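Colleague: I have a predicted model open and would love a guided close look at one part of it. Could you walk me through how its helices pack?

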Amino acid sequence: MSERKLFAHEIEARLDELLLLKLRQRSAERTARQLEALPRIRQERVLHWVGVAAQGANELGWLLASQGAEYAVELGDGFDAWARAGLAAHDGGGLDAARAAWRLAIEELRASAARPSGSVALAEVEGRLKRFLQALHGRPLRLAGASRAWTDGETLWLPERLARAADANGNRRLYTVLAVQLWAQGRFGSFNVDPEPELAQWADREMALAWFALFEAMRLEARLETELPGIVRDIRDLRGPWPAALQPAAESLARPEATTADSLAWLAEQRKVGAGETPIFPHLTGFDPLAARRLRAVRIARDSKTLRRALNIMRAVDPHSRGGAGDREQAPLAAEGDALPPDLQAEELQGLPPDAQAAAQSLQQDLDGMPPEILSPAGPGAWQPEEREESEAPVAEPDGRPDAVYDEWDYRREAWRRDWCHLYESEGPAGEDAWVEGVRSRHAHLIRSIRRRFESLRGEDKAERRQLDGEEIDLDAQVEARADRRSGSEPSPRLFIHRRQIERSLAVMFMVDMSGSTKGWVNDAERESLVLLCEAIEALGDRYAIYGFSGWARTRCDIYRIKSFTDRYDAATRRRIAGIEARDYTRMGVAVRHLSGLLQGQATRHKLLVTLSDGRPDDHGDEYRGRYGIEDTRRALLEAREKGIRGYCVTIDRHGADYLPQLYGPAHYSVIDDAKKLPRKLAEIYRKLTA
Amino acid sequence: MKPTQAARSTVSALATPLTQPAAEPYYHAVGDEVEVFAAAAQSQLPVMLKGPTGCGKTRFVEHMAWRLGRPLVTVACHDDLTTADLVGRYLIVGDETVWLDGPLTAAVRAGAICYLDEIVEARKDTTVVIHPLTDTRRALPVEKRGEYLTAPPDFMLVISWNPGYQSVLKEMKPSTRQRFVAVDFDYPQAEVEARIVAHEGGVDAATAGRLVKLGGLTRKLKGAGLDEGAGTRLLVHAAQLIARGMHPLAACTAAIARPLADEPDTRNALDDLIRAVF
């Protein structure tokens, strides 16, 4: 790229090309003039983002151009982040949302210019904090921004920005301290006792909550001390010594057997002596037992249902396990503070499926143990299917006879539904040529480096002669060496043949989610990553195919052929990649069955089915959503497995995708929390998977 | 033709060493693995050890070799390991060609335990030579020499592999797997692991407990930034650095966090975890 700045008329021409301005009788003159002042590299960034935005919607491109020109100087290096924020908002809420997001980002920028230098934004620490919390919690926790730190037991809200500490390091640490304390509220049962009777006796509820929060913080600090002493050290640095008046409470609540009930007792004490405002400590978080307890009740109901159902099935299978059907009345759940039975029936819990185990774990936390009534069956008689029988949904009119019909697994009946899914296979629609070319030129550098890396994987079967070491003797070299020695010259020590045979007998099927939920960024990311992937696999020479899937109820399951195993990666294929678009729903099981059938026909030793999706299986009508869809998909993957096909899933899912281990087994999936990372990641995942 | 002195000394210099430890290699049993292994050894059955990296598979084999009083030959398999590397090859010494036994052949001849670590890493054709050793034949054909070695009763084949691997190319075929008695390995229970770390790393119980706590936290990141959490081996490494006087934070960063992750978010999260635990 030359260093010369673009002149206004050149910029105008480029914008016209991107946004078809003449057609719309618009002029980019003013915008172009604003952009003329920028250095070339910045000009190109703006034009790049205009192009990206225009792919989504022409209007969005125009908005980005005019707004971007306005603020480009001010934004500087932050332009990319600014543009991305608006585009992401557009996916969720259209043009107005994009406009608002851009305005907000500018305001944010101006505010930050006035901010102390050491402040840290939540967005900066979110990634590390999420991982950190997952290590503590064992499962992903949701993080969100709010004006103050608090939790409802499921999401941790943290301030958008912290500037309390003098430097960035201190503020980052403060984020960690706040997050750990919020996590501890759920972990150590702050919401397991109903505080309302006590709170009701206070005139000022806010003040009561503040005192309650303070006492709980004292208790949790002691609980954390054994597990995370480093965090407690930070807390103590932040708070300093407790004031003398609070010393007795702090000491009493630090006893290992202290519970939330003790905090409430201190709260009552405080009320009786006539409390004033709480002293202020920087490490304290907000505290909202009402919201947390509401969610907790929902969670307990849901988890105990899951657990009971699983136990029922298990006991039906194995009548010798304890608590046979109907020998105890089903007690109403969760009298507060139920003592846990001496044995938690650990072995029994261990035999449960993963979702029930997760439910059991969550219940133990919510109830400080497992009340016996949960472990007793859900009433006399056999197992009651929870979901109602299917209501035949209005269905798009199928045209002609289906190309194939497939059975579907109904886990409630423990039986197949015969010829249940009607499958139509068709060629994927062609998209724009220019789109793929755009991706290829935009990522030219990345493609080159991926290709280079992949080429090094390519194995060829060949004998390398004249090696220092090898499994066979190279007779020619040996004879020569003999002759050399006889004639008095120095013989070469390279006398061996080394046989290199790295065989990649591999066929890969990519199954691409084309459901409606992929609309926007996810779809773009899917397409872009497919282009990069194709480039990479071409370098490797593996056999691969790409099919998209979507559908609308069982009678209309669509499979779109993007690239079959015999198709080449040519212009037509590229157009079909560009043409991948968000359509209807995700009935996954039937797609797995059809595509693993195609994959099975490949005469390679290894067969791999890679699913690219943005969430759990789902279909029109609520039947396929939830457990049914997961069970059916799991069954389909097991069938594939029996045919010698390995499944692997790459999912873009911000909600952590708890169901994936169940579907694919541990280590056979990747979760990507941000669609934008997909293109870079997918090729890397593929390389690892087949190295 | 009898080999010359030069050839003999070359061969003896390159011959597979048969190790037999003088002292008992430290191993803390977590289940019935010792009994299973001993029974398999008596029944002349091959054994497969399954489990994540650094959970004590290799140490277990060393311990069992000592217990059974048999020499041990360990082969760390890699993707360039060929049949010849295992069985043996002809070497050229001066004007002569001399035969050198590979580790597997040497183990068969000596009635040793042959431990093929991470067997799936080796080339596919290597599994072919181990097949006849794993069934009732208990034999090793040495094709290049036209020899057919029958294994003595004390010979035992042990392989290990890590089922957590993601590569489809690195799966073991059922025809191979079903020849072995399998022992599952996992990270030991926290108290046991703390005892192991304290013993091997030379640190006090409190430090070992914290290291194990940290290890447990990293294992929950499997699949969420890490391919695998910290194994007991990494914890022992950190303990050894601490025992040398390094600050725990620095030791854990160097021995645990850095080997595990490159990606910034994960690295930072690991740093935070270390700080939180110590």
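In which hand of crossing, left-handed or right-handed, does α6(A) pass α7(A)? Please take it from there and show me what surrounds that spot.

Modeller: Happy to, and please keep in mind that this is a predicted model. The crossing of α6(A) past α7(A) is right-handed. Two packed helices are described by the angle between their axes and the distance between the axes. Here the angle between α6(A) and α7(A), the latter spanning residues 168-187 of chain A, is about 35°, and their axes lie 11 Å apart.

If you click through the residues, α6(A) brings A:Val125, A:Leu129, A:Phe132, A:Leu133, A:Leu136 and A:His137 to the contact, and these meet A:Arg172, A:Tyr175, A:Thr176, A:Ala179 and A:Trp183 from α7(A). By type, this contact divides into 8 nonpolar residues, 2 polar and 1 charged.

One of those residues leads us further in. A:Ala179 is among the residues with the most contacts inside the largest nonpolar core, which has 78 residues, and B:Val197, B:Ala238 and B:Leu273 are listed with it. Helix α9 of chain A, residues 205-227, provides the largest share of this core, 11 residues. In soluble globular proteins, nonpolar side chains tend to be buried together. There is also a second, separate core of 69 residues, and A:Ala545, A:Leu612, A:Ala636 and A:Ile645 are included in it.

A good residue to look at in helix α9 of chain A is A:Ala208. It counts as buried because it has 20 C-beta neighbours inside 10 Å, and 20 or more is what being buried takes. Setting aside neighbours within four places in sequence, A:Ala208 is in contact with A:Leu199, A:Trp202 and A:Leu267. A:Leu267 is 59 residues away along the chain, yet its C-alpha atom is separated from that of A:Ala208 by 7.5 Å.

Now follow α6(A) across to chain B. There, α6(A) is part of what covers the buried residues of α9(B), and so are α8, α10, α11 and α12 of chain B. Of the 15 residues of α9(B), 11 are buried, so this helix is largely enclosed by the rest of the structure. Among the buried ones are B:Thr207, B:Ala208, B:Arg210, B:Leu211 and B:Lys213. From its first C-alpha to its last, α9(B) reaches 21 Å, close to the 21 Å expected at 1.5 Å a residue.

B:Leu211 also turns up among the contacts of B:Ala238, one of the core residues we met above. Leaving aside sequence neighbours within four places, the other contacts of B:Ala238 are B:Ala251, B:Cys252, B:Ala255 and B:Ile256.

That brings us to the contact between the two chains, which takes 27 residues from chain A and 28 from chain B. On the side of chain B, β3 (88-93), α9 (205-219) and α12 (264-277) each supply at least two residues. α12(B) gives the most, with 9 residues. That side divides into 13 nonpolar, 10 polar and 5 charged residues.

Finally, two loop residues of chain B deserve a glance. Most residues other than glycine have a negative phi. B:Gln44, in the loop between α2 and β1 of chain B, has a positive phi near 60°. B:Arg138, in the loop between α6 and β6 of chain B, has a positive phi near 45°. B:Gln44 counts as partly exposed because it has 15 C-beta neighbours inside 10 Å, and B:Arg138, with 18, counts as partly exposed too.

Key. Residues numbered from 1 in each chain as written. Chains lettered and ligands numbered in written order. Predicted model: local features only at pLDDT ≥ 70, side-chain atom pairs only at ≥ 80, totals over all residues. Helix = DSSP H or I, 4+ residues; strand = E, 2+ residues; numbered from the N terminus. Buried ≥ 20, exposed ≤ 12 C-beta atoms within 10 Å, placed from the backbone. Contact = placed C-beta atoms within 7 Å. Nonpolar A, V, L, I, M, F, W, Y, C, P; charged D, E, K, R; others polar. Core = buried A, V, L, I, M, F, W, Y, C linked by C-beta atoms within 7 Å. Expected span 1.5 Å × (residues − 1). Axes fitted to C-alpha atoms, helices over the stretch in contact; angles between N-to-C directions. Left-handed = near helix turned anticlockwise from the far one by under 90°.
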